[in-house]
Amino acid sequence: MCEQNEKKKVLSCIQPSGMLTLGNYLGALKNWVYMQNEFDCTFAVADLHAITVRQEPSKLRSQIYSTYALMLALGLDPNKSTLFIQSQVPEHSALSWILSCNTQFGEMARMTQFKDKSAKHADNINVGLFSYPVLMAADILLYKPDFVPVGADQKQHLEIARDIAERFNRIYGDVFTVPEAYIPKTGARVMSLQDPEKKMSKSDENANSWVAILDDRDTVIRKFKRAVTDSGSGIYLSDDKKGISNLMTIYGAVTGKSYDEITKEFEGKGYGDFKLAVGETVADELAPIKANYDKIISDKAELERLFREGAEKAEKVARKTYFKAMKKVGFLL
Ligand code: TYM
């Protein structure tokens, strides 16, 4: 009996667009690391997705390296999981075309991320930005995962991937597994430190609003000290205390403490004490990742060896599903 075959499958991807944030870490990456011990995991750097907004080629190249290195630095292990770069497995683009022809314009037009991003990049509302969720569906469906660990902002894309899979299976016969989203209870939506109504995002122009996974200790603590809070007092979860609630979410996601435990821990303490404690806790969590990263990124040859090997491993799985889909729609092999 082969234990590996009994494990449920997991897939997720991350875009290599700029610095990865504490939001990426708590909403997704931290869970990837836990999941690799229990599941058969596949994780990718979604570089094809990154060019839906204009990228400078040399910068993109270095961000792909650094995102892959960061996945390793977090503790993702190429001997346990398949770790690869999306553009190196051409089946993603190829399946995306077949799926595009089975996806309705109206379905894509409803996507809130498209609406947000096209407002932000009004000078470049390209077709790729519009059909982005179809490529994401291809990323997922090629590997037949049971679970897709993502932050709450990707929920709508996951739902459309499920719809596309169900429709394809209904029309052509069973090819795809219909996956479940795996969204963490705490940390699914980490908000900006400067405007807690907005998602923490690396594209935010105000650098104090987000913490990069690779920020140094002093920077992390400084950003938390400057975090926006309301004018009241008391550390408890409330709709009137969006800033404090966000800090509680971050603190809870890092320490595993419940909101009640956090409230008790900081009884009688002020916002300043709490902000400092959150900053120090986050800095402690991120410090070993940064130290690992600095070592890993300096060995480019080893990185290249690993991502090539990862792509080969991924492609074996992807090709099987892709060929099956090709046959079902009537293409010749
Ligand atoms: P991306 O690159 O924007 O983000 C990577 C992961 O981080 C999560 N995330 C957050 N979670 C909590 N709070 C935040 N502030 C926050 N910001 C980001 C995201 O939900 C995501 O899980 N389309 C995807 C990448 C992708 C993908 C896929 C994901 C491409 N193909 C297939 C899953 C499966 C994206 O742009 O994520």
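A polar contact is a pair of N or O atoms within 3.5 Å; within protein, one atom must be able to donate a hydrogen and the other to accept it, and residues adjacent in sequence count only if both atoms are side-chain atoms. One such contact caps a helix: a side-chain oxygen of Asn-126 lies 3.0 Å from the backbone nitrogen of Gly-128, at the N-terminal end of α8. The model is predicted, so local features need pLDDT of at least 70 and side-chain atom pairs count only at pLDDT 80 or more, while totals for chains, interfaces and linings use all residues. Residues are numbered from 1 along each chain as its sequence is written, and side-chain values use heavy atoms, with hydrogens and water left out.

**Helix α8**

- Helices are DSSP runs of H or I with at least four residues, strands are runs of E with at least two, and both are numbered from the N terminus.
- Helix α8 covers residues 127–141, and its 15 residues reach 21 Å from the first C-alpha to the last.
- That span is close to the expected 21 Å, where the expected value is 1.5 Å times one less than the number of residues.
- At Pro-133, α8 bends by about 45°; the bend is the angle between axes fitted to the seven residues ending at a residue and the seven starting there.
- Buried means under 20% relative accessible area, exposed means over 50%, and partly exposed lies in between (1.4 Å probe, protein chains only).
- Because 12 of its 15 residues are buried, α8 is largely enclosed by the rest of the structure.
- The buried residues of α8 include Tyr-132, Pro-133 and Asp-139.

**Helix α14**

- Helix α14 spans residues 300–329.
- The 30 residues of α14 should span 44 Å at 1.5 Å a residue, and the 41 Å between its end C-alpha atoms agrees with this.
- A bend of about 25° occurs in α14 at Glu-315, and Glu-315 is itself buried.
- Other buried residues of α14 include Leu-303, Phe-307, Gly-310, Tyr-322 and Met-326.
- Lys-300 belongs to α14 and is partly exposed, at 45% relative accessibility.
- Lys-300 and Pro-90 are 210 residues apart along the chain, and their C-alpha atoms are separated by 23 Å.

**Salt bridges**

- The structure has 15 salt bridges, each a side-chain nitrogen of Lys or Arg within 4 Å of a carboxyl oxygen of Asp or Glu.
- Asp-230 and Lys-241 form a salt bridge, at 4.0 Å from N to O.
- Both Asp-230 and Lys-241 lie in the loop between α10 (217–225) and α11 (242–255), so the pair ties together parts that are 11 residues apart in sequence.
- Asp-230 is partly exposed at 27% relative accessibility, whereas Lys-241 is buried at 4%.
- Glu-265 pairs with Lys-257 in a salt bridge whose closest N and O atoms are 2.9 Å apart.
- Glu-265 is partly exposed, at 33%, and Lys-257 is partly exposed, at 31%.
- Within α14, Glu-309 and Arg-305 form a salt bridge of 2.9 Å, N to O.
- Glu-309 and Arg-305 are four residues apart in α14, so about one helical turn separates them.
- The relative accessible area is 44% for Glu-309, which is partly exposed, and 42% for Arg-305, also partly exposed.
- Glu-91, Glu-315 and Arg-319 are joined into one network by salt bridges that share partners.

**Cysteines**

- The structure has zero disulfides, a disulfide being a pair of cysteine sulfur atoms within 2.5 Å.
- The sulfur of Cys-41 is 12 Å from the closest cysteine sulfur, that of Cys-13, which is too far for a bond.
- Cys-41 is buried, at 0% relative accessibility.

**Ligand surroundings**

- There are 27 residues around the ligand, counted as near if one of their heavy atoms lies within 4 Å of it.
- Gln-15, Tyr-132, Asp-139, Asp-153 and Val-190 come nearest to the ligand; Tyr-132 and Asp-139 are among the buried residues of α8.
- Ligand oxygen atoms lie 2.8 Å from a side-chain N or O atom of Gln-15 and 3.0 Å from a side-chain N or O atom of Asn-24.
- A ligand nitrogen atom is 3.1 Å from a polar backbone atom of Gly-23.

**Ser-118**

- Ser-118 lies in helix α7, residues 112–120, and is buried at 11% relative accessibility.
- Its side chain reaches the backbone oxygen of Lys-115 at 3.4 Å.
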